[in-house]
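I opened a fresh notebook page for this one. Come along as I look things up.

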Amino acid sequence: MTHQFDRTALREYDIRGIVGKTLNTADAEAIGRGFATRVRRAGGTRVAVGYDGRKTSVGLEEALVAGLTASGVDVVRVGMGPTPMLYYAEATLDVDGGIQITGSHNPAEYNGFKMVLQRRPFFGADIQDLARLAECGDWESGAGSVESVDIIDRYVERLMQGFTGGAYRIGWDAGNGAAGPVIEKLVKLLPGEHHLLFTDVDGDFPNHHPDPTEEKNLSDLKALVADKQLDFGLAFDGDGDRIGAIDGLGRVIWGDQILSILAEPVLRDVPGAAIIADVKASQALFDRIAELGGLPVMWKTGHSLIKTKMKETAAPLAGEMSGHIFFAHEFYGFDDAQYAAVRLIRAVHMIGKSMTEIRGAMPELINTPEMRFQVDEARKFAVVGEVLDRLEAAGATVDRTDGARVTTPDGWWLLRASNTQDVLVARAEATSQESLDRLLAMIDAQLAASGLARGPQAGH
């Protein structure tokens, strides 16, 4: 027995596709067979499985469990919940790996699989290895058992462990994603006054798309905070591993700004520690980490890459512009938006100012959102290479950590190839609109020199 995956579903950090087109239950079963084979060959026997609130998740979960058990692995089902709840199960239960069925923040027709093996992210070559095992049918055989564990209350209690925050009036928007039931339980344990939006899980996402990094998706939360005159608002993506926030005036607190707030109490507790952010983060964040006595580390975008770098540098905290926040300080090192929310409340309390005051004190920089545009898959890395060669030949100040991040007297701009899609990603930041216009002109000139132009915006 062999199996062929649609290659477009094999992403860098997970497996993800459109159900019925590029992903189906046969794929789920083959993922189970391959993952169980890897677990057994590493000396393991048990795998935790969870799933998000999408309408296709239950069917994919059944097929996945069938594949895992057919290759001789015992399955611990933790049920429907956010991806970090599955990560928590993998970190605390007697298991050797974990798989979450989730389409993350993608539209409703998508679904996929995020995997962890022996407390480490399973990505890149590991995912390609699942395809290789399937193509040649190189799977272990056996008859694994299945049990169910209700872990949500233990998970919520763990989120509250060590909580020393104050009582605030907070709006919460779960976007009809898998975090909803966790948020409902969490706010009952938190002091203060809490107003909830869209905590009922609905895989059609009837109110708005569950991606808090797009400002339009925060409009309901902004209206709630304004109407009730709340202190701030928190929002979550479809599978609860990315956080968004707004202050009491409805201003967005972007991922790098959230990280700058969270860094302050961590660096008081761990002076001089490394704090990691991805290449899309503001220069203001790296400056702030240094100002607080920390060691700012700029690293590649991608949650699996960030987690790996955290282990390497013993960093207690890391984050991405996309709202993935990773705590190793008092936690397990994975990205958990629910835990980040609790730590953000703690941080505001410790800093001793309102969220609105904290946001207001941040440098006023002008920056673009993440600009994403289609490019031929075969060209995307080559274009970035051409740009780097031209810039370095011209003596520009370039950081090659992940693509090209170019610093000029006007500010900085970034061009990188997405690891997961056939798109190029660009971003720029400056102190004035005139400076930003000059940076964008530099991006456009480099693209033109490689025969490209910024086209219509591509989705995630």
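These entries go through the sheet, a helix pair and the nonpolar cores, and the model I used is a predicted one.

**Sheet.** I started with an open sheet of five strands and read its order as S9-S8-S10-S11-S12, with mixed pairing. Why does one side of S9 and of S12 lack a neighbour in the sheet? I found that S9 (192–197) and S12 (252–253) stand at the edges with a single partner strand each, so one side of each is left free. Next I looked up S8 (residues 168–173) and S10 (residues 232–236), which pair in the parallel sense over four bridges. For Asp173, I noted Ala235 as the bridge partner in S10. Helix H7 (residues 219–228) packs on this sheet and touches S8, S9, S10, S11 (243–247) and S12. I wrote down about 155 degrees between the direction of H7 and that of S8.

**Helix pair.** Then I turned to H1 (residues 25–41) and H2 (residues 57–70), whose axes come within 7 Å and cross at roughly 35 degrees. Their crossing is right-handed. Among the residues that meet there are Ile31 and Phe35 in H1, and Leu60 and Leu64 in H2. I sorted this contact by class: nine nonpolar, four polar and two charged residues.

**Cores.** How many residues does the largest nonpolar core have? I got 70, and Trp172, Leu234 and Phe236 are among those with the most contacts inside it. Helix H11 (residues 337–351) gives the most to this core, ten residues. I also found another core apart from it, with 33 residues, including Val39 and Phe113. Back at Leu234, I listed contacts farther along the sequence than four places, including Trp172, Asp173, Leu221 and Ile243.

Technical notes
Residues numbered from 1 in each chain as written. Predicted model: local features only at pLDDT ≥ 70, side-chain atom pairs only at ≥ 80, totals over all residues. Heavy atoms only, no water. Core = buried A, V, L, I, M, F, W, Y, C linked by side-chain atoms within 4.5 Å. Buried < 20%, exposed > 50% of the residue type's maximum accessible area, 1.4 Å probe, protein only. Helix = DSSP H or I, 4+ residues; strand = E, 2+ residues; numbered from the N terminus. Contact = heavy atoms within 4.5 Å. Axes fitted to C-alpha atoms, helices over the stretch in contact; angles between N-to-C directions. Left-handed = near helix turned anticlockwise from the far one by under 90°. Nonpolar A, V, L, I, M, F, W, Y, C, P; charged D, E, K, R; others polar. Pairing = 2+ DSSP bridges.
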